[in-house]
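Me: Please take a close look at one part of this structure, the strands and their pairing, and then place that part in its surroundings.

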Amino acid sequence: MGTEYDELGPLGRDLAIWEIHLRSTGKSTHTIRSYVRGVRALAEFLGDQGLPLDPEEITTRHLRAFQAHLLLPEDQGGAGKRTSTVCTRHDALKLFFGFLEEEDDLPNPMRRAQRPTEDEVTIQPLTEDQLAALIDTCRGKDFYDRRDMALIRMWVSTPARLSEIALLRVVGADGEPDVDPLAGMIYVMGKGRRPRQMALSPKACKAAIRYEKVREQHPNARSPFYWLSHKKERFTQSGIRQMIARRAREAGIGHVHPHQFRHTYATTFLDHGGTESALMRQGGWRSRKVMERYTKTTADARSDREARQLNIGDRV
């Protein structure tokens with residue numbers, strides 16, 4: 001067991017084993033980090049409260065107390081976490097104790113632990129005027145304008161996740177380019193290590209070609225990563241977030257975060273007549289319920305428009 005888990009006692013031993021299991025099943029680094037964080041948070045709570053750290057001795061009552069602590073406001077001695085965060089912790093613990101139940105035949109205290117009702121958060125898609133203003137900040141011809149234009153155009157053109165965009169490579173695992181502007185496609189590795197292809201618009205292709213030309217002159221042009229930054233060979237997810245926020249400030253449209261592009265694409269796709277099945281394939285959604293979270297902001301308007309077009313009431 002690694003030293004980073006020693007302080008967690010028996011729980012840390014099982015956490016280390018579970019992490020190895022998660023890696024063996026192809027879970028992404030981000031997902032594993034999130035799951036481990038959930039179990040660590042439980043261990044810290046149990047330790048602070050003088051409660052057992054042995055999974056065999058952890059009960060449903062302990063888990064309920066942990067969940068209540070997470071939800072309790074900070075000014076009342078709790079962690080003050082959002083319901084969505086508590087749900088994420090709950091899901092991680094459910095998987096963790098389910099793993100121990102299957103592997104070691106241990107009792108599963110999560111079987112009777114109720115998941116909190118998650119707050120419904122509505123993310124507003126960007127308007128066409130906001131997108132145009134954002135694009136207008138990248139009209140220059142230097143490396144950064146060309147790169148940022150290509151990035152933003154790619155997001156306007158596809159429902160790609162931030163991680164999928166950030167991890168694009170010049171040459172993918174299959175020996176072919178991840179970004180092929182001549183073919184009008186990008187190829188990404190989605191959640192669950194499921195490969196996916198997405199179509200690029202002609203404007204996105206043009207922006208990518210322009211970026212690739214200036215990229216050839218970059219000191220780190222030989223980097224395997226498609227997106228390059230100023231000093232480092234890779235433009236990271238954090239760097240991309242900061243760039244989007246800065247460009248949004250320059251455009252005068254308030255704060256914009258990368259995930260809004262995914263919501264914007266999804267709602268626009270359906271608003272303009274795209275089918276849900278095609279959108280699910282483009283966006284890499286396996287659940288229609290999850291996809292609907294991205295498109296609910298305009299769901300009523302689409303429903304009303306279709307009802308008027310069908311005009312059921314005037315058929316007789």
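Reply: Met185 has Ala199 as its bridge partner in β3, and in β2 Met185 is itself the bridge partner of Asp180. This is a predicted model, in which local features need pLDDT of at least 70 and side-chain atom pairs count only at pLDDT 80 or more, while totals for chains, interfaces and linings use all residues. Residues are numbered from 1 along each chain as its sequence is written, and side-chain values use heavy atoms, with hydrogens and water left out.

Strands (E, at least two residues) and helices (H or I, at least four) are DSSP runs numbered from the N terminus; two strands pair if DSSP finds at least two bridges between them. β2 and β3 (residues 195-199) run antiparallel and are joined by 5 bridges. β1 (residues 179-180) is also antiparallel to β2, with 2 bridges. The β1-β2 hairpin has 4 residues between its strands, and there Gly184 adopts a positive phi near 70°. In the β2-β3 hairpin, with 5 residues between the strands, Gly192 has a positive phi near 70°.

β2 (185-189) is among the elements that give two or more residues to the largest nonpolar core, together with α5, α6, α7, α8 (202-215) and α9. Such a core is a set of buried Ala, Val, Leu, Ile, Met, Phe, Trp, Tyr and Cys residues joined through side-chain atoms within 4.5 Å, where buried means under 20% relative accessible area (1.4 Å probe, protein chains only). This core has 39 residues, and those with the most contacts inside it are Trp155, Trp227 and Phe261. α6 contributes the most to it, with 7 residues.

Notes
Buried means under 20% relative accessible area, exposed over 50%, partly exposed in between (1.4 Å probe, protein chains only).
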